Amino acid sequence: MNAVPASEAPAAARLAAASRLTTDSAFSGKSFLRSYPFWLPPALVALFLTLVYLNPFIGDWDGLDYTVFSLRGEPSSMALGRSLFTLFNHGLYALAHALFGVRPAQAYLLFKYAVVVQTPLAVIVCWILARDLAGSVRSATIAALLVALSPMLVIYGGQIMTDVPSVLFSATALVVHLRGVQSRRVWLILGGAALLGLGVNLRETVGLFLPWLVIAPFVGGWKLDRRTIAVVGLSLIVFFLFAFGIFAIWFSNPAYRENWHVWFSLMQSESSRHPVGIANLRPFFIYFFLAAPLVFVALPIAAWKEWRKRGLTLSLTAAAVGLFATAMLFFNYSTTINWRYFLTGVPALAPLVGDYFVRSQTERLGSERRGFVTAVVGVALVAGLMGLLIRPASSAYFNHLALAKTYDARLNLMPRNAVVIAGSETVAVNYWRGIGAGEWDTIGIGSGWPQG
C-alpha cells in the first residue's frame with residue numbers, strides 16, 4: 001500500500017469515510033448532501049450535454065402527439081396511454097396558461113424543458129441507487145456517469161418524450177423498494193411496488209423490472225416464510241393495481257377505446273412488416289452497445305467477478321433484472337428500427353459495472369483514489385469518442401425532425417379544412433391541427449380515411 005503524506009491524511013480520511021457507507025447512513029439526507037462532490041458532477045454533465053444536443057423543436061414524432069394530448073389533458077392512444085406523462089404536462093400548461101398566458105403554440109417549450117430538468121434528476125437518482133447497492137460513493141459516481149453519458153439519455157433529454165422521465169421513475173421505484181428490503185420496512189417495499197406500477201403509465205417498459213419485486217427480498221436476506229411470501233404477494237398486487245388500474249378507467253370510455261383499437265390495428269400491421277427473427281439480433285446488439293458501450297463490454301466480466309467474490313448480491317440481482325428488461329426488448333418489432341428503448345435497463349446495469357471499474361482499478365493501482373480517477377478518465381474518453389461518432393448522424397436526425405416546426409407554413413397555403421395525403425408528415429399535420437392552427441385531416445401511411 002502507498003503511504004499517505006501527513007498533509008493529506010485528514011482529507012484522505014474524510015474521503016475514505018465518505019466512500020464506504022453503511023446502510024443506515026446511506027439513508028441519511030445529511031449523508032447525501034455531504035456527498036455532493038460525487039453526485040453533482042455527473043448531474044451537471046448530463047444537463048450540459050442535454051442543452052448542447054437540445055432538439056430544435058419537439059423531437060420524435062411521438063412527441064408531437066404527446067404535446068397535443070397534453071394540451072387536451074388526455075392519455076395517448078398508444079399502448080397503455082402514457083397518461084402520467086400527458087396529465088403531468090397538462091397540469092404544467094394549465095398553471096403556465098393561468099399565470100403567464102402561455103398559448104398552445106408555446107406549450108411545447110414548457111413540456112420540453114420539463115424533460116430537460118428531469119435529466120439531471122434522473123442521474124442523481126441513479127447515483128443513489130448505485131450507492132445503496134454498492135455502498136460506495138465512488139462506485140456510484142462511475143455508475144452515474146455511465147448513465148449520464150449514454151447517447152440516448154443525452155439526445156432524448158431534450159425532447160418531449162417519455163424516455164428520461166421513465167428512467168427517473170423506474171430508478172426512484174427501485175431505490176424505494178431496495179431501502180425497504182435493506183431496512184425490513186414493509187411500507188417502503190409496497191411504496192416501491194406502487195411507484196413501479198405507476199411508472200408503467202409513463203412508459204410500459206418500466207414494468208419489465210417486475211422480477212425485482214419477487215427476487216430482491218430473498219436475495220436481501222429475508223427468510224422464505226409466510227410473512228415474506230405475503231409481503232411479496234401484496235407488492236405484486238399493488239404493482240398490478242397501479243400499472244393497469246388507471247388504464248382500465250380510460251379504456252372504459254368508448255371514444256378512447258375506439259382510438260386505442262385504431263392504434264392497436266396499426267401496430268399489428270407494423271409488426272407484420274418487421275417480424276421478430278434471428279436477423280434482429282444484429283440491430284439488437286448494436287443498439288444495446290450504443291446505449292452504454294462500457295456497460296455492454298464490461299457487464300459479463302463484472303457479473304462473473306461479483307459472483308465469484310460475493311455470490312448472489314443485490315447489485316448482481318439488479319443487473320440481472322436490468323439485463324432481463326433489455327432482453328425483452330428483442331421481442332418487440334421496434335427493436336429493429338428504434339434505439340431509444342435500450343435506455344430501459346441501463347440504470348440497473350450501471351451500478352454493477354461502475355463498482356467493478358472502481359474495484360479493479362483500485363486493485364491494479366493500489367490506491368482507491370487513483371483507481372477512481374482512472375475510471376472517470378476512461379469513461380470520459382469512451383464517451384468523447386462516441387460523441388464524435390454520433391454527432392453527424394444526430395445533427396441530420398435533429399434537422400429532419402425540425403421540419404415539423406415550419407410545416408404550418410406549407411399547410412397555410414391550403415384551405416384550413418383540406419384533407420392532406422401527408423406521408424411521413426402526417427404527425428406534423430395532426431400537431432398543427434391539434435393546437436388549433438387549422439382543421440386539416442390526413443390520409444396517413446398504411447391506413448384508410450376516414451376513421452384511421
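A residue is called buried when its relative accessible area is under 20%, exposed when over 50%, and partly exposed in between, using a 1.4 Å probe and protein chains only. By that rule, 50% of the 452 residues of the chain count as buried. The structure is a predicted model, in which local features need pLDDT of at least 70 and side-chain atom pairs count only at pLDDT 80 or more, whereas totals for chains, interfaces and linings use all residues. Residues are numbered from 1 along each chain as its sequence is written, and side-chain values use heavy atoms, with hydrogens and water left out.

## Overall architecture

The chain contains 21 helices and two strands; these are DSSP runs numbered from the N terminus, with helices (H or I) of at least four residues and strands (E) of at least two. Along the principal axes, the C-alpha atoms fill a box of roughly 80 × 55 × 50 Å. The radius of gyration of the chain is 23 Å, which agrees with the value near 22 Å for a compact globule of 452 residues. This radius is taken over C-alpha atoms, and the globule rule is 2.2 Å times the number of residues to the power 0.38.

Contact means heavy atoms within 4.5 Å. Among contacts between residues at least 6 apart in sequence, 74% join residues at least 24 apart. The accessible surface of the chain comes to about 20,500 Å², and 68% of that surface belongs to carbon and sulfur atoms. These areas come from the Shrake-Rupley method with a 1.4 Å probe, and for residues only the protein chains shown count as cover.

The chain carries 34 positive and 20 negative charges, whose mean positions are 10 Å apart. Lys and Arg count as positive and Asp and Glu as negative, while His and the chain ends are not counted. Each charge is placed at NZ of Lys, CZ of Arg, CG of Asp or CD of Glu.

## Loop residues

Two serines in loops make polar contacts with backbone nitrogens. A polar contact is a pair of N or O atoms within 3.5 Å; within protein, one must be able to donate a hydrogen and the other to accept it, and residues adjacent in sequence count only if both atoms are side-chain atoms. Ser136 lies in the loop between helix H7 (107-134) and helix H8 (137-148), and its side chain reaches the backbone nitrogen of Arg138 at 3.3 Å. With a relative accessible area of 0%, Ser136 is buried.

Ser76 belongs to the loop between helix H5 (61-72) and helix H6 (83-100). A polar atom of the Ser76 side chain lies 3.0 Å from the backbone nitrogen of Met78. Ser76 counts as buried because its relative accessibility is 1%. Apart from neighbours within four places in sequence, Ser76 is in contact with Tyr66, Phe69, Gly81, Thr86 and Tyr256.

The loop between H5 and H6 also holds Ala79, whose phi is near 50 degrees, a positive value in a residue other than glycine. Most residues other than glycine have a negative phi. Ala79 is buried, with a relative accessible area of 15%. Arg184, in the loop between helix H10 (163-183) and helix H11 (186-199), likewise has a positive phi, near 60 degrees. At a relative accessible area of 38%, Arg184 is partly exposed.

## Helical residues

Thr228 is placed in helix H13 (residues 226-251), and Phe240 is found in H13 as well. Pro211 lies in helix H12 (residues 210-219). Their accessibility is set out below.

| Residue | Relative accessible area | Class |
|---|---|---|
| Thr228 | 2% | buried |
| Pro211 | 24% | partly exposed |
| Phe240 | 37% | partly exposed |

Leaving aside neighbours within four places in sequence, Thr228 is in contact with Phe218, Trp222 and Lys223. The C-alpha atoms of Thr228 and Leu241, which are 13 residues apart along the chain, are separated by 20 Å.

With the same exclusion of neighbours within four places, Pro211 is in contact with Val321 and Phe324. Pro211 and Pro275 are 64 residues apart in sequence, and their C-alpha atoms are 27 Å apart in space.

Phe240 is in contact with Leu210 and Gly245, again leaving aside neighbours within four places in sequence. From C-alpha to C-alpha, Phe240 and Ile58 are 32 Å apart, with their positions 182 residues apart in sequence as the separation.
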